[in-house]
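Visitor: Hi! Could you walk me through this structure, one piece at a time?
Guide: Happy to. Here it is.

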Amino acid sequence: MPELPEVEVVRRGLERWVSGRTVGGVEVLHPRAVRRHIGGGSDFAARLLGRRIGTARRRGKYLWLPLEDGAGAVLGHLGMSGQLLVRPETAVDEKHLRIRIRFGDGLGTELRFVDQRTFGGLSLHDTSPDGLPDAIAHIARDPLDPEFDDAAFHRAIRLRRTTVKRALLDQSLVSGIGNIYADEALWRAALHYDRPTAGLTRARSAELLGHVRDVMNAALAVGGTSFDSLYVNVNGESGYFDRSLDAYGREDEPCRRCGTAMRRRPWMNRSSYFCPRCQRPPRPSRRPRSLPRATS
């Protein structure tokens, strides 16, 4: 599933090729693609017609297109296989084309939402005064957001009393991090995924956030991570950060830091990849033995 770097790559493409254009027509070709829009496909198309699109924005794994001539925004979620593609109007339709958005400017390109598995979709939503769609008001800021509060994150994970990977994937604490980049950041920080957050010092959590930012910026520089053709940018091109992964997907391969064979463990219907030497599991807590009862 696309994480922050992949969604940010798409957002930048939309900012370049779609922002500032006026919608000239909308076709909804599959109802599931607009299932999060309460009014359905015809209402989605009618309400978008003639609207001017503002600068594409993102929070975590969600991106949206603000509508300049009034409140509201088109919220997009890529799901597992969603693609927002800018294509020539004359290009052959993709097999899993779900929504087509045409523009009235004569530039000859259109925006297409393609989704093989139909877990993603587009929907229209009201926005808050700062432009955030109401449907994602609960999503926390992400580590690349200039207003992300490192100290508040540290306080929250200490109070939550969870484990470190669960905290990284909790979108109400910090958004945009998924399984891949959590494993990569934890490997860089030499932290086991089941390490309790209650024992993390402020310096250690700041170090971890630094590694999260480093790995995401490195992925952004090469277009994100693509393991198959399902994640692409708006021009249909794949990213290639998968060639630089240090932990994720490297079971039985030597750790790039110490040479120990990397391991994979099932974790919350996913997998966690780690080095058993560099990322030692936490010691089980020792409970005090109960004292023997006094006998009369």
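Visitor: Which helix is Val215 found in?
Guide: Val215 sits in helix H6, residues 202-221. Helices here are DSSP runs of H or I with at least four residues, strands are E runs of at least two, and both are numbered from the N terminus.

Visitor: How are residues numbered, and where does the model come from?
Guide: This is a predicted model, where local features need pLDDT of at least 70, side-chain atom pairs count only at pLDDT 80 or more, and totals for chains, interfaces and linings use all residues. Residues are numbered from 1 along each chain as its sequence is written, and side-chain values use heavy atoms, with hydrogens and water left out.

Visitor: Back to Val215: buried or exposed?
Guide: Val215 counts as buried because its relative accessibility is 0%. Buried means under 20% relative accessible area, exposed means over 50%, and partly exposed is in between, using a 1.4 Å probe and protein chains only.

Visitor: How far is Val215 from Arg188?
Guide: Their C-alpha atoms are separated by 8.8 Å, and the two residues are 27 apart along the chain.

Visitor: Let's zoom out. How many helices and strands are there?
Guide: The chain has 6 helices and 10 strands. It holds 296 residues, and 50% of them count as buried. Among contacts with a separation of 6 or more, 64% are between residues 24 or more positions apart. Contact means heavy atoms within 4.5 Å.

Visitor: Now strands. Which ones pair with E6?
Guide: Strand E1 (residues 23-28) joins E6 through 5 bridges, running antiparallel. E6 also pairs with strand E7 (residues 109-115), again antiparallel, over 4 bridges. Two strands pair if DSSP finds at least two bridges between them.

Visitor: Which residues are bridge partners there?
Guide: Val26 has Ile101 in E6 as its bridge partner, while Leu97 has Val114 in E7.

Visitor: What do E6 and E7 form?
Guide: A hairpin, with 5 residues between the two strands. In the turn, Gly106 has a positive phi of about 75°. As for cover, 6 of the 7 residues of E6 (97-103) are buried.

Visitor: What about Glu27, which strand is that in?
Guide: Glu27 belongs to strand E1. It counts as partly exposed because its relative accessibility is 28%. Setting aside neighbours within four places in sequence, Glu27 is in contact with Arg98, Ile99, Arg100 and Arg102.

Visitor: And E8, how many of its residues are buried?
Guide: In E8, 5 of its 5 residues are buried. Gly121, Ser123 and His125 point one way, and Leu122 and Leu124 point the other way.

Visitor: Why do side chains alternate like that?
Guide: That is the regular pattern: in a regular strand, side chains alternate between the two faces of the sheet.

Visitor: Which strand pairs with E8?
Guide: Strand E4 (residues 73-77) pairs with E8 in the antiparallel sense, over 5 bridges. Within that pairing, Leu75 stands opposite Ser123.

Visitor: Leu75, okay. Which loop residue touches Leu75?
Guide: Ile136 does, and Ile136 also touches Tyr62 and Trp64, not counting residues up to four places away in sequence. Ile136 lies in the loop between E8 and H3. With a relative accessible area of 1%, Ile136 is buried.

Visitor: Which residues have a positive phi without being a glycine?
Guide: Thr118, at about 55°, and Arg161, at about 50°, are two. Thr118 is in the loop between E7 and E8, and its relative accessibility of 12% makes it buried. Arg161 is in the loop between helices H3 (150-160) and H4 (164-169), and at 67% it counts as exposed.

Visitor: Last topic, pockets! What lines the second largest one?
Guide: Its lining includes Arg57, Trp64, Asp130 and Glu147. The lining residues divide into 4 nonpolar, no polar and 8 charged. Nonpolar covers Ala, Val, Leu, Ile, Met, Phe, Trp, Tyr, Cys and Pro; charged covers Asp, Glu, Lys and Arg; the others, Gly among them, are polar.

Visitor: Which strand gives the most to that lining?
Guide: Strand E2 (residues 57-59), with 3 residues. A pocket is an open set of points on a 1 Å grid over the protein atoms alone, where a 1.4 Å probe fits, with protein on both sides within 12 Å along at least five of seven lines; lining residues have an atom within 4 Å of a point.
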